[in-house]
Amino acid sequence: MLNLFKLTYTDPGMECEYRIKTSEKNIIQHRFLYALSIPFYLVFALVDISEVQNLLAFFWIVRFGIYTPIALLALLATLSPKYPRYNQLIMWIVAFTGAVGMLVLTFAGSSLGFYSYKYGFLFAIVFFTILARLRFVNVIIGIVPLVILYWVTSIIYPVIPSDVNFDSLILFVCVMIMGLIATYFFEYSERRQFFYQKLLEKESLKVSQLNDELENKVIQRTQLLNNANKKLMSLNEKISASEYTFRMLFDESIDAILLEDSGKIINCNISLLKLMGYEQKGDLIGKRLWSFYDTNDEGDTEGLKRAVENYENQEDLNFKWWMKTKTQQSFLADIRVTRVLIDGKKVSHLLIRDITERFELEQKMEYLSYHDQLTGLYNRRFFIEELTRLDVERNLPITLIFADVNGLKLINDSFGHSAGDELLQRVAEVMKEVFRADEIISRLGGDEFVVLLPKTNSEEGAAMLERIKNQTESMEINNIHISVAFGHATKVQSDDSMTETLEQAEKRMYQMKNIEAEQVRAKLIQGITLWKRQFDEE
């Protein structure tokens, strides 16, 4: 539904609705930006007076004669009911005019030996890419030509020293790239949220219609159940004395039991009443068996009805199903069905046991088999399985980030293993904060962690590595600075070995660890010594 290159919906109607909604939302923000940009642009007039007196008239023509009227007209345009329709164009013109103006003033000021106007051009790039909230395509159309124009002008009109010009060009390009990335992912996230919102509205309408249909069916079936219940109560009064023993065993059984015929409950014992939370048999007798199954899938219910109703000559039928009590509390039931003869007629005998605790224990055991108990991250077993499963061409490029906590042994030896465990847990928490929930973060064992990032190239992986590195640099244990060594590698081609990629990431991590080893160890020993000295003084 979403073209990831153009960031547009393939459905024209959805695209139109999205643009209308975002345009209406942008009015207040645009109005604020127009109002803010005018004094910001004009405040540099004071700088003009002190630094560029020879070109003061030219500078003020740009500020007061060109940009300010355009920005004021745009500000007034926000009051028009037609503004939402043209807001992207108007904001683009204002942002582009301001950026071109700052570009001209940058080179004009540089001709007089004053180079600080480049910061105004830098702000214009930030304004264009991030603050203006233009669509990604519109940002590209404006910002790329601006940076190229700066580069071409610096060649044709070389008034800026080469070292200053080179640093400025690198800064402008980096800010442009970061701004484009931020704009792309902001719009992508906003569009994806809008898509799911529309999908949810559509599904909600379907659910509402389905609920209306179900209510009608419930009313009809309730009438049928009431009639059937009266008939069943009449039949129960005619049970023969020969079935007395069976009824006693049936009623006194510690297992929950019910009798079913044609999908209807014809009898049940006390244990079933306790299990289901009812007080009298009459509350259950005559009701449809599947009305107590906890499922919203009508197909599942129909399949269960057919399985029970068509069950005849098999000796045993066993299955598990989620059921609900009178208070709508769900529990997992192990159901064993056998056929018995009652009053000359074969009916189904259902023995029901609550196995919820066993199921939850199995789920917990399964969780522990794939997770590290200390940090809650995935363990080595799960990582190896996912590494194999995700190693397919559609997930390329695949980036691996390897991490190793520096000085864990020193922390354990100095403060005890509880401090080391706390350190590992804090590293894990930082990783959870930095990486998305769908990205696989694993603790391989000891002080080693690894992150598996499908569809992530080397540059993106390096950016994520830098982000997690910055987060971990602020960690402390007992006021002692802790560091983590990182390394990453990327599998690009399908015939590359994932094992070699992992080894390469680990190798790079150890290279970094060796480079920083003496410095890290010295800081740790110094911190531990200082802590012990303070502890002894106390």
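**Cores, a surface patch and salt bridges in a predicted model**

The largest nonpolar core runs to 44 residues, and Met91, Phe121, Ile125, Ile143 and Tyr150 are the ones with the most contacts inside it. A nonpolar core here is a set of buried Ala, Val, Leu, Ile, Met, Phe, Trp, Tyr and Cys residues joined through side-chain atoms within 4.5 Å. Buried means under 20% relative accessible area, exposed means over 50%, and partly exposed is in between (1.4 Å probe, protein chains only). At least two residues of this core come from each of helices H1 (12-43), H3 (56-77), H4 (83-110), H5 (118-131), H6 (136-156) and H7 (162-236). H4 chips in with the largest share, 10 residues. Helices are DSSP runs (H or I, at least four residues), numbered from the N terminus.

This is a predicted model, so to speak of local features takes a pLDDT of at least 70, side-chain atom pairs count only at pLDDT 80 or more, and totals for chains, interfaces and linings use all residues. Residues are numbered from 1 along each chain as its sequence is written, and side-chain values use heavy atoms, with hydrogens and water left out.

Back to Phe121: leaving out residues up to four places away in sequence, Phe121 touches Ala99, Met102, Leu103, Thr106, Leu146, Tyr150 and Phe172, where contact means heavy atoms within 4.5 Å. Apart from the largest core lies another one, of 27 residues, with Val405, Ile441, Ile468 and Val484 among them.

Tyr150 also turns up next to a polar residue. Asn165 sits in helix H7 and contacts Tyr150, Ser154 and Ile160, once neighbours within four places in sequence are set aside. Asn165 counts as buried because its relative accessibility is 13%.

Not everything nonpolar is tucked away. Ile148, Trp151, Val152, Ile155, Ile156 and Tyr157 make a nonpolar surface patch of about 610 Å². Such a patch takes residues with over 30% relative accessible area and no salt bridge, nonpolar side chains (Val, Leu, Ile, Met, Phe, Trp, Tyr) being joined within 5 Å; accessible areas come from the Shrake-Rupley method with a 1.4 Å probe. Trp151 belongs to helix H6 and, at 45% relative accessibility, counts as partly exposed.

Helix H14 (residues 417-434) behaves as expected. Its 18 residues should span 26 Å at 1.5 Å a residue, and its end C-alpha atoms are indeed 26 Å apart; the expected span is 1.5 Å times one less than the number of residues. Buried residues of H14 are Ala419, Gly420, Leu423, Leu424, Val427, Ala428, Val430, Met431 and Val434.

As for charges, the structure holds 11 salt bridges, each being a side-chain nitrogen of Lys or Arg within 4 Å of a carboxyl oxygen of Asp or Glu. In helix H12 (residues 380-389), Arg381 and Glu385 lie four residues apart, about one turn of the helix, and their side chains meet in a salt bridge (3.6 Å, N to O). Both partners are partly exposed: Arg381 at 45% relative accessibility and Glu385 with a relative accessible area of 36%. Helix H12 also holds Glu386 and Arg389, which are about one helical turn from each other because they are three residues apart. These two form a salt bridge with closest N and O atoms 2.5 Å apart, and Glu386 is buried, with a relative accessible area of 11%.

Another salt bridge pairs Glu439 with Arg436, the closest N and O atoms being 3.0 Å apart. Glu439 is buried, with a relative accessible area of 6%, whereas Arg436 is partly exposed at 48% relative accessibility.

Notes. Patches are made of residues with over 30% relative accessible area and no salt bridge: like charges are joined within 9 Å, nonpolar side chains (Val, Leu, Ile, Met, Phe, Trp, Tyr) within 5 Å.
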